[in-house]
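Work through the exercises below with the model open. Try each task before reading its solution.

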Amino acid sequence: MYTTAQKYKWASVRVFYYFNILIMALTGGLSIYVVAPYTSYMFFNDLAFWKYLKYYHKLIVQLYRIMGFWLFDPKYREMYTQPLTSPPSLGPDRRKIKLSAHWQKADNDCGNCINCCIKIKCPLIDHQRKLCLSYNTVYWRYFSCGCYPASQKQIDYYECPKWVIKESSLEVDVKTRKASLI
Ligand code: SF4
Ligand code: SF4
């Protein structure tokens with residue numbers, strides 16, 4: 001059970017991030033340079049922003065790309081799930097997911113697959129080493145990456161060959177949806 005103080009902190013981190021995203025969108029991305037240390041800390045866990053300035057213009061492009069997904073891709077909108085007060089995640093909720101029967105590799109790595117990162121053309125992936133440059137940062141833990149996958153819709157959207165949602169979870173999901181319709 002989480003305390004109200006914890007939930008308040010998690011929501012504050014997200015609301016402040018979304019506020020910065022809004023300002024960024026309204027300024028054509030320029031505000032990312034005004035709050036450069038914050039950006040660098042969020043995405044790279046390092047206040048030394050000058051080391052990461054080479055990524056900033058890519059983050060601006062990514063912002064507008066994601067806005068495009070939101071506006072024009074209903075499947076993207078449907079599968080996004082990130083309650084403001086949810087705890088930051090260091091990995092998916094293993095109570096809800098299981099390995100696909102076809103997955104041949106270990107459960108703690110994705111082999112050479114980077115489907116979920118290339119699907120949205122994320123600029124934070126190191127294509128050569130197939131590594132996430134933002135792994136375990138505030139951005140990674142508080143938003144979609146750390147808790148991925150959280151639903152079958154996400155798994156389907158990203159064509160993930162590794163995970164499936166447990167049937168018991170799907171039943172709970174359907175019951176929850178039914179309850180919300182009553
Ligand atoms: S895991 Fe890393 S590279 Fe992949 S989408 Fe998330 S931030 Fe981008
Ligand atoms: S799509 Fe699935 S298997 Fe591929 S990188 Fe993402 S989580 Fe791993």
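**Exercise 1. Domains**

Which domains does the domain assignment of the chain give? Then describe how they meet.

Solution.
- Step 1. The model is a predicted one. Its chain is assigned domain 1 (4-79) and domain 2 (97-181).
- Step 2. Take the C-alpha centres of domain 1 and domain 2: they lie 20 Å apart.
- Step 3. Look for contacts. On one side are 16 residues of domain 1, and they touch 14 residues of domain 2.
- Step 4. Ask where the domain 1 side comes from. Two or more residues each are given by α1 (4-26), α3 (36-44), α4 (53-72) and α5 (74-79). The most come from α4, with 5 residues.
- Step 5. Classify the domain 1 side that touches domain 2. It has 9 nonpolar, 2 polar and 5 charged residues.

**Exercise 2. Annotated segments**

Which residues does UniProt list for "transmembrane region"? Check both segments against the model.

Solution.
- Step 1. The unreviewed UniProt entry lists residues 15-35 and 55-72 under this name.
- Step 2. Take residues 15-35. The chain there is 76% helix and 0% strand. The end C-alpha atoms are 16 Å apart.
- Step 3. Take residues 55-72. Here the chain is 100% helix and 0% strand, with 26 Å between the end C-alpha atoms.

**Exercise 3. Two residues of α4**

Characterise Y55 and Q62, both found in helix α4.

Solution.
- Step 1. Start with Y55. It has 19 other C-beta atoms within 10 Å, so it is partly exposed. A count of 20 or more would make a residue buried.
- Step 2. Relate Y55 to V34. The two are 21 residues apart in sequence, and their C-alpha atoms are 15 Å apart in space.
- Step 3. Move to Q62. It counts as partly exposed because it has 17 C-beta neighbours inside 10 Å.
- Step 4. Find the contacts of Q62 beyond four places in sequence. They are C122 and P123.
- Step 5. Set sequence against space. Q62 and C122 are 60 residues apart along the chain, yet 7.0 Å separates their C-alpha atoms.

**Exercise 4. Ligand shells**

Which residues surround ligand 1, and which are around ligand 2? Sort each shell by class.

Solution.
- Step 1. List the shell of ligand 1: C117, C122, L124, I125, C132, S134, W140 and C145.
- Step 2. Sort it. There are 7 nonpolar residues, 1 polar and no charged.
- Step 3. Trace contacts inside this group. Beyond four places in sequence, C117 touches C122, I125 and C132.
- Step 4. List the shell of ligand 2: C110, C113, I114, N115, C116, Y158, C160, P161 and K162.
- Step 5. Sort it too. The shell around ligand 2 has 7 nonpolar, 1 polar and 1 charged residues.

**Exercise 5. Nonpolar cores**

How many residues does the largest nonpolar core have, and which are they?

Solution.
- Step 1. The core has 10 residues. They are I97, C116, C117, C147, Y148, A150, I155, C160, W163 and V164.
- Step 2. Assign elements. At least two residues of this core come from each of α6 and β4 (163-165).
- Step 3. Look elsewhere. Another core, of 8 residues, lies apart from this one. Its members include M42, F43, W140 and Y142.

**Exercise 6. Unusual backbone**

Locate the cis peptide bond, then examine the positive phi of K121 and of K130.

Solution.
- Step 1. Recall the background. Most residues other than glycine have a negative phi, and most peptide bonds are trans.
- Step 2. Find the cis bond. It joins Y148 and P149, with omega about -5°. P149 sits in the loop between α8 (144-147) and α9 (152-157).
- Step 3. Take K121. Its phi is about 50°. This residue is in the loop between α6 (115-119) and β2 (125-126).
- Step 4. Judge its exposure. K121 has 12 C-beta neighbours inside 10 Å, so it counts as exposed.
- Step 5. Take K130. Its phi is about 55°. The loop that holds K130 runs between β2 and β3 (131-132).
- Step 6. Judge this one as well. K130 is partly exposed because 13 other C-beta atoms lie within 10 Å. The cut-off for exposed is 12 or fewer.

Methods. Residues are numbered from 1 along each chain as its sequence is written. Chains are lettered from A and ligands numbered from 1 in the order in which they are written. This is a predicted model: local features need pLDDT of at least 70, side-chain atom pairs count only at pLDDT 80 or more; totals for chains, interfaces and linings use all residues. Helices (H or I, at least four residues) and strands (E, at least two) are DSSP runs, numbered from the N terminus. A nonpolar core is a set of buried Ala, Val, Leu, Ile, Met, Phe, Trp, Tyr and Cys residues joined through C-beta atoms within 7 Å. Two residues are in contact if their C-beta atoms, placed from the backbone, lie within 7 Å. A residue is near a molecule or strand if its C-beta atom, placed from the backbone, lies within 6 Å of it. Ala, Val, Leu, Ile, Met, Phe, Trp, Tyr, Cys and Pro count as nonpolar, Asp, Glu, Lys and Arg as charged, and the others, Gly among them, as polar. Domain bounds come from an automatic or database domain assignment. UniProt positions are given in the numbering used here, feature names are shortened, and annotations may be inferred rather than shown by experiment.
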